[in-house]
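Dear colleague,

Please find below the structure that I am handing over to you, followed by an account of what was found in it. I would be grateful if you could read the notes with the structure open beside them.

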Amino acid sequence: MNEREKMMHHVCMHSLAVFDVGLFLDSHPHNQKALQYYHEQQKMLQEAVRAYQEKFGPLTHNDVTNQKMWNWIDGPWPWEGENE
Amino acid sequence: MWSYEKKLQYPVHIKNPDPAAAKIIITQLGGLNCKNRYTSLKSRTQLRPTLLLLYSMHFIQLLKNFLQFL
């Protein structure tokens, strides 16, 4: 995997962890272990997203920081470049 | 309400692409002007046609990968 894929993999990893433990917490709101895990993963997710966006551009519509052009439309998009 | 993230939820690698089956599946999800397509794409309520096409390709790619588990 190249660097972009590696960093994207980290983002996806922590994002899935946050999402999944969030679903569990929906039905177990007082589970301390799960809550702790959620906060750990949330922190790591924020860091991974920040690092990725710094290098490769925005991941969501609300995270465009480029002042010169709307680089949201720049590729590659998630369905591109898979079968190399 | 919905926001688009430029990433997939799971890593995806297609070993044997099956566009014929993908074509059948996408017909069940609705054509270009179908209302169901908007809700199934989890898209913003107002999308320009080009962006909508981009996002739908994303969805098709996801579908193609589910096919390898069938």
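In this predicted model, A:E3 has a relative accessible area of 42% and is therefore partly exposed. A:E3 is joined by a salt bridge to A:K55, and the closest N and O atoms of the two are 2.9 Å apart. A:K55 counts as exposed, since its relative accessible area is 52% and the cut-off for that class is over 50%. The bridge connects distant parts of the chain: A:E3 belongs to helix α1 of chain A and A:K55 to helix α2 of chain A, with their positions 52 residues apart in sequence.

How many salt bridges does a search of the whole structure find? There are 3 over all chains. Apart from the pair just described, A:E47 and A:R50 meet through their side chains at 2.8 Å, N to O. These two residues are 3 apart in helix α2 of chain A, so about one helical turn separates them. Both are partly exposed: A:E47 has a relative accessible area of 41%, and A:R50 has one of 42%.

A:R50 also forms a salt bridge with A:E54, where the closest N and O atoms are 3.6 Å apart. Here the spacing is 4 residues within helix α2 of chain A, which again means a separation of about one helical turn. A:E54 is exposed, with a relative accessible area of 62%. Through shared partners, the salt bridges join A:E47, A:R50 and A:E54 into one network.

I turn next to the interior. The largest nonpolar core has 10 residues in all: A:M7, A:M8, A:V11, A:C12, A:V18, A:L45, A:A48, A:A51, A:Y52 and A:L59. Helices α1 (3-27) and α2 of chain A are the elements that give two or more residues to this core. The largest contribution comes from α1(A), with 5 residues. Such a grouping can be set beside a general tendency: in soluble globular proteins, nonpolar side chains tend to be buried together.

Two residues show how the surroundings of this core involve both chains. Leaving aside neighbours within four places in sequence, A:M8 is in contact with A:Y52 and A:L59, and also with B:K6 and B:K7. A:S15 lies in helix α1 of chain A. Is A:S15 buried or exposed? Its relative accessibility is 15%, so A:S15 counts as buried, the limit for that class being under 20%. With the same neighbours in sequence set aside, A:S15 is in contact with A:L45 and B:K7.

On the surface, A:M69, A:W70 and A:I73 form a nonpolar patch, and together they have about 300 Å² of accessible area. A:M69 is found in the segment after α2 (32-56) of chain A. At 40% relative accessibility, A:M69 counts as partly exposed.

Some totals for chain A may be useful. Chain A has 2 helices and 0 strands. Of its 84 residues, 32% count as buried. The area that chain A exposes is about 5,900 Å², and carbon and sulfur atoms supply 54% of that area. Among contacts in chain A between residues at least 6 apart in sequence, 49% join residues at least 24 apart.

Finally, a word on confidence. The model scores ipTM 0.75 and pTM 0.63. For chain B the average pLDDT is 67, and 46% of the residues score at least 70. Which elements of chain B have the lowest and the highest mean pLDDT? The lowest, 53, belongs to helix α2 (residues 35-41) of chain B, and the highest, 80, to helix α1 (residues 19-28) of chain B. Over residues 42-48 of chain B the pLDDT falls below 50, and in the model this stretch has 8 contacts beyond near neighbours in sequence.

With kind regards

Definitions and conventions:
Residues are numbered from 1 along each chain as its sequence is written. Chains are lettered from A and ligands numbered from 1 in the order in which they are written. Side-chain values use heavy atoms; hydrogens and water are left out. pLDDT is the predictor's confidence in each residue, from 0 to 100. Contact means heavy atoms within 4.5 Å. Patches are made of residues with over 30% relative accessible area and no salt bridge: like charges are joined within 9 Å, nonpolar side chains (Val, Leu, Ile, Met, Phe, Trp, Tyr) within 5 Å. Accessible areas come from the Shrake-Rupley method with a 1.4 Å probe; for residues, only the protein chains shown count as cover. A salt bridge is a side-chain nitrogen of Lys or Arg within 4 Å of a carboxyl oxygen of Asp or Glu. Buried means under 20% relative accessible area, exposed over 50%, partly exposed in between (1.4 Å probe, protein chains only). A nonpolar core is a set of buried Ala, Val, Leu, Ile, Met, Phe, Trp, Tyr and Cys residues joined through side-chain atoms within 4.5 Å.
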